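This briefing covers a two-chain structure, shown below. Please keep the sequence and the 3D view open while reading.

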Amino acid sequence: MINVRNLVKDYGPIRAVDDVTFDVRKGDILGFLGPNGAGKSTTMKMITGFLPPTSGRTEIAGIDVAERPREAKRHIGYLPESGPLYPEMTVIEFLRFIAEMRGLSGAKAAAALDRAIELCHLRAVRHQPIETLSKGFRQRVGMAQAVMHDPPCLILDEPTDGLDPNQKQEVRRLIASMAKEKAIILSTHILEEVEAMCNRVIIIAAGRILVNETPADLLRRHPNYGAVELELAHGDTGNLRNTVKDLDGVASVESLNGKLLIRPKNQTDLKSLLWNRALAEKWPMKSLEPANLRLEDVFRNLTQKDGESIEERTPPAAREKGQTAA
Amino acid sequence: MKETVTLFKREFMGYFRSPVAYVFLAVFLVGAMGLPWFLGGFFESNDASLRPFFLFLPWIFLFLVPAVGMRLWSEEKRSGTWELLFTLPIGIWQAVAGKFLAGWAFVSLAIILTLTMPITIAYLGSPDWGPVFSGYVGSILMAGAFLGICSAVSALTRNQVISFVVSLIICLALVLLGWSAFNELMLALNLPVWLVDALANFSFVTHFEGMVAGLIRLRDVVFFASIIAFSLAITVLILER
């Protein structure tokens, strides 16, 4: 549905987006991850046709965005970063304006308006000026304008940014409810969001795609993938450490807060191996659990080099162009 | 085309959603009618014509049209809404035209509200309606040319103050070029007459004066129309970057 080929964006001598290529199919929710200034928003702006790429091309439902921009834009719903809206309009005025701009009129417009208001739970505030709304409601107004024309492609730049946990949950539910029918790209800083919603993850840093895979595959890159944590009843794991270390299938053992962190070799199933051993040798075992795998660690490993984060490279010129070109 | 109309409606109504419109209308009406009365000897001249009224207009436009035009694109850029606008299926030309026409309609409304002046004159005496009509046509055309320049300038910056000041300076230059005192100064500096004439021909005032006198000449209309078209084309180029 969305085909991105070799997108490049230069701001003067600085390359903000460097040869980005990927596809999103119907039913996909693609999570776009990366440090601030990595090129996420710039890439999204190019896909929506707002920003012309230096080179490369994007096709939306088979339509080239650069060649037939207006037609391509009909197939896209876009939520820009930090949800810019016309503050002096009321919710209903604003959404009516969007519907009309989207070429909807009469009964069709009324139905679309109703659907968007229902979907985003805006009925209670529909006659309020947007500037009087809370951040959560504004974000929902942004979502409502993006889904107004029921587009096959949704591009959402940080849809849950600045929302409280309940509102985040609400927006996630909304996105998930539309997932089957659409191709969705969303950018976020929240990794649990990616784990919870996305079936594909792209990590981008310094304008380049580092990783394009499923969240499960991404988790495999964790240094503790397949590792277990073992805790003994008396807390002293000193003696056991060497025993475990010599076991076949154990790559390394580490002491961590009175527990042993055991990493596997060749994808050995450590849990059953250690259980059997513990039962046979009567270890005073208190717990044996899979190590806590956090996507954040993977993210940090991938996007940091030599302990330094890959620096923000978006120049001031880029900001002028697109609010905060991240 | 339909999108242009939709945008026009939103923009035009937008002026009245904020108090800015009412402040503008009040200041404009007080200025446009007050200056000829108190400075222009409108009443004392004992002449049933709107000439003093029209001759002050370029100077009032100079300050007030940039006040309307400064936000045309600057505001959209600052708040990021132009990202929203240009991801809707609307061409840049259509968006530029829609916003410009809305602003022009708003300024024209302000001009039309000064029709109380000719009504007053008609009550006091018997004015020649020809120059009144052509003067109003000229005023609206000239306001459009001012606004076109403001549109181009406001597309350049997200800062409304910069937008206002730069627009004002450009418009001031275009007014001054045709001001007789300024032309005499240029002649006194030994500039060749043809150059002074050519420069004066670029002035809004030169082309406006004919209309105040009652002449709607094609070249004056073409002048204002081409200033509008040219500045909107520049706006499009800037926004396309």
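The points below go from chain A as a whole to single residues, then to the chain contact and the helices of chain B.

The model is predicted. Chain A contains twelve helices and 16 strands, and its domain assignment gives two domains. Chain B touches chain A through 18 of its residues. Two helix pairs in chain B are described, one roughly parallel and one roughly antiparallel.

**Chain A overall**

- Domain 1 of chain A is assigned to 2–75 + 151–220 + 301–321, and domain 2 to 228–292.
- The centres of domain 1 and domain 2 of chain A, taken over C-alpha atoms, are 41 Å apart.
- Along the principal axes, the C-alpha atoms of chain A fill a box of roughly 80 × 50 × 35 Å.
- Of the 326 residues in chain A, 41% are buried.
- Among contacts in chain A with a separation of 6 or more, 69% are between residues 24 or more positions apart.

**A:Val17**

- A:Val17 sits in strand β2 of chain A, which spans residues 14–24.
- A:Val17 has 29 other C-beta atoms within 10 Å; the cut-off for a buried residue is 20 or more, so A:Val17 is buried.
- Leaving aside residues up to four places away in sequence, A:Val17 touches A:Leu7, A:Val8, A:Lys9, A:Gly39, A:Thr42, A:Thr43 and A:Gly207.
- A:Ala251 is 234 residues from A:Val17 along the chain, and the C-alpha atoms of the two are separated by 39 Å.

**Positive phi outside glycine in chain A**

- Most residues other than glycine have a negative phi.
- A:Ala61 is not a glycine, yet has a positive phi of about 50°.
- The position of A:Ala61 is the loop between β4 (55–60) and β5 (63–64) of chain A.
- A:Ala61 has 17 other C-beta atoms within 10 Å, and this count falls between the limits of 12 and 20, so the residue is partly exposed.
- A:Glu158 is also not a glycine and has a positive phi of about 50°.
- A:Glu158 belongs to the loop between β7 (153–157) and α6 (165–178) of chain A.
- A:Glu158 counts as buried because 23 C-beta neighbours lie inside 10 Å.

**Contact between the chains**

- On the two sides of the contact are 18 residues of chain B and 22 residues of chain A.
- Two elements of chain B, α1 (2–17) and α5 (81–85), give two or more residues to the side that touches chain A.
- The largest share of that side of chain B comes from α1(B), with five residues.
- The side of chain B that touches chain A holds five nonpolar, eight polar and five charged residues.

**Helix α4 of chain B**

- Helix α4 of chain B covers residues 71–79, and its buried residues are B:Arg71, B:Leu72, B:Trp73, B:Ser74, B:Glu76 and B:Lys77.
- The cover over these buried residues includes α3 (51–69), α5, α6 (92–112), α8 and α9 (160–176) of chain B.
- B:Gly80 follows α4(B) and has a positive phi, near 85°.

**Helices α8 and α13 of chain B**

- Helix α8 (residues 129–156) and helix α13 (residues 218–240) of chain B pack at an angle of about 15°, with axes 8 Å apart.
- Angles under 35 degrees count as roughly parallel, so α8(B) and α13(B) are roughly parallel to each other.
- The crossing of α8(B) past α13(B) is left-handed.
- Residues of α8(B) in the contact include B:Leu141, B:Met142, B:Gly144, B:Ala145 and B:Gly148, and those of α13(B) include B:Val221, B:Phe224, B:Ile227 and B:Ile228.
- By class, the residues of the contact of α8(B) with α13(B) are 15 nonpolar, five polar and no charged.

**Helices α10 and α11 of chain B**

- The axes of helix α10 (residues 180–188) and helix α11 (residues 193–201) of chain B come within 10 Å and cross at roughly 155°.
- An angle over 145 degrees counts as roughly antiparallel, so α10(B) is roughly antiparallel to α11(B).
- α10(B) and α11(B) have a right-handed crossing.
- From α10(B), B:Asn183, B:Met186 and B:Leu187 meet B:Val193, B:Val196 and B:Ala200 of α11(B).
- The residues of the contact of α10(B) with α11(B) are five nonpolar, one polar and no charged.

Note on methods:
Residues numbered from 1 in each chain as written. Chains lettered and ligands numbered in written order. Predicted model: local features only at pLDDT ≥ 70, side-chain atom pairs only at ≥ 80, totals over all residues. Domains from an automatic or database assignment. Contact = placed C-beta atoms within 7 Å. Helix = DSSP H or I, 4+ residues; strand = E, 2+ residues; numbered from the N terminus. Nonpolar A, V, L, I, M, F, W, Y, C, P; charged D, E, K, R; others polar. Axes fitted to C-alpha atoms, helices over the stretch in contact; angles between N-to-C directions. Parallel < 35°, antiparallel > 145°, perpendicular 65-115°, else oblique. Left-handed = near helix turned anticlockwise from the far one by under 90°.
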